[in-house]
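Please look over the sequence and the model shown below. The paragraphs that follow walk through some of its parts one after another.

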Amino acid sequence: MKTNNERRLVTEGKKKRVKRDLSGWLVFNKPYDMSSTEAVGKLRWLFGAKKAGHAGTLDPLATGVLPIAFGEATKTVPMVQDGTKVYTFDIVWGAQTTTDDTEGEVIATSDVRPDTEALAAILPRFTGVITQIPPAFSAIKIKGERAYDLARAGAKLDMPPREVEIDAMDLIANDATHARLSVTCAKGTYVRALARDIAEALGTKGHVGALHRARVGAFSDAGAVSLEALEAADEAERDAMLLPVAAGLAALPEIRVDASQAGIIRRGNPVLLTGRDAPVTLDEAWASQRGQAVAIGYVEHGQFKPRRVILG
């Protein structure tokens, strides 16, 4: 039989870990075969954080930059999601799949292998504003249901076309088995659809092999942290890897305020901006006090008006 002391130790061991009020951004280098939801759950547990979320889903078969927001940083997620994305990806020549990547079943094949000159010549057709038909296995909702759920259930889907913006497309390498490209694009672009459509335009079939996201807005590979590094670190070392909440607001104009104004804004009230360079109108901006995010809002008639207050 266990002694009272042994029972106490067992009981203490079963106590729930105390979650922390932690705020900031982590640039996570998501590994292969981990979903974005799994990544958030894993990192929330590692940091012991009360609240966490991600800025832009990354397919389980993709690797690379997955920005993770903790606490007050979750209020800035939409600004990061809207940022420009950079991907490197492989087009595997000769086969189209149900998912437009390596996970799906092959549904069409071709013996045509495009040469490098032909591939380079066609890429300008896939820059600027283009129309895509998203993959059936995607998170788009159709009549309230996720397309991938309907596709897995065997439904034949008529995916609605959508316009997306491609800033740049660069060819890195090409041979008889696959091509490697880099794309800089706006939110909502499906790289799997790009691979499929580029192959079709070249008279062949293709699907995405490797897919890596190198940048989301201001967050890039250069600052990304691996799961192995996080697991090997102690709590203080992990906390030191976090970026401030303000890191998620780099794309917006910054309005600097003093301590008195910050207090007014954090109570949800507008403040009059003074000074020769004070803006009169801005559709979106963020207020800072000594570099710390105070609120996200806008400027109207020379006043900063908060939409979302960020607690210090």
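In the hairpin of S16 and S17, two residues lie between the strands, and arginine 290 takes a positive phi near 55° there. The structure is a predicted model, in which local features need pLDDT of at least 70 and side-chain atom pairs count only at pLDDT 80 or more, while totals for chains, interfaces and linings use all residues. Residues are numbered from 1 along each chain as its sequence is written, and side-chain values use heavy atoms, with hydrogens and water left out. Helices (H or I, at least four residues) and strands (E, at least two) are DSSP runs numbered from the N terminus.

Arginine 290 sits in the loop that runs between strand S16 (282-289) and strand S17 (292-300). Its positive phi occurs in a residue other than glycine. With a relative accessible area of 80%, arginine 290 is exposed; exposed means over 50% relative accessible area, buried under 20% and partly exposed in between, with a 1.4 Å probe and protein chains only.

The two strands of this hairpin, S16 and S17, run antiparallel and are joined by six bridges. Two strands count as paired if DSSP finds at least two bridges between them. One bridge links alanine 287 to alanine 295, its partner in S17.

S17 also pairs with strand S18 (residues 303-309), again in the antiparallel sense and over six bridges. Here glycine 297 has proline 306 in S18 as its bridge partner. The hairpin of S17 and S18 has two residues between the strands, and histidine 301 takes a positive phi near 50° in this hairpin.

How do these strands fit into a sheet, and in what order? Five strands form an open sheet in the order S14-S16-S17-S18-S15, with mixed pairing. Its edge strands are strand S14 (254-256) and strand S15 (271-272), each of which pairs on one side only. S15 pairs with S18 in the antiparallel sense over two bridges, and phenylalanine 304 in S18 is the bridge partner of valine 271. In a regular strand, side chains alternate between the two faces of the sheet.

Helix H9 (residues 259-266) lies across S15, S16, S17 and S18, and runs at about 75° to S17. Such angles run from 0 to 180 degrees between N-to-C directions, with axes as lines fitted to C-alpha atoms, for helices over the stretch in contact. Contact means heavy atoms within 4.5 Å.

Another positive phi, of about 65°, belongs to aspartate 100, although this residue is not a glycine. Aspartate 100 is placed in the loop between strand S5 (95-97) and strand S6 (106-109). At 5% relative accessibility, aspartate 100 counts as buried, whereas arginine 290 is exposed.

The next residue to find is asparagine 174, in strand S10 (residues 162-174). Leaving out residues up to four places away in sequence, asparagine 174 touches Trp93, Pro114, Asp115, Thr116, Leu119 and Ala179. A polar atom of the asparagine 174 side chain lies 3.2 Å from the backbone oxygen of proline 114. The side chains of asparagine 174 and threonine 116 are joined by a polar contact of 3.4 Å. A polar contact is a pair of N or O atoms within 3.5 Å; within protein, one must be able to donate a hydrogen and the other to accept it, and residues adjacent in sequence count only if both atoms are side-chain atoms.

Aromatic rings come next. Rings of Phe, Tyr and Trp (its six-membered ring) pair if their centres lie within 6.5 Å, and planes under 30 degrees apart count as stacked, over 60 as edge-to-face and the rest as tilted. By this rule there are two aromatic pairs. The ring centres of tryptophan 25 and phenylalanine 219 are 5.3 Å apart and the planes are at 45°, so this pair is tilted. It links distant parts of the chain, 194 residues apart: tryptophan 25 is in strand S1 (residues 24-30) and phenylalanine 219 in strand S13 (residues 219-220). Both tryptophan 25 and phenylalanine 219 are buried.

Phenylalanine 47 and phenylalanine 70 form a tilted aromatic pair, at 4.8 Å centre to centre and 45° between the planes. Phenylalanine 47 lies in helix H2 (residues 36-47) and phenylalanine 70 in strand S3 (residues 63-70), so the pair ties together parts 23 residues apart in sequence. Phenylalanine 47 counts as buried at 1% relative accessibility, and phenylalanine 70 counts as buried at 0%.

For the protein overall, there are nine helices and 18 strands, and buried residues make up 44% of the 312 residues.
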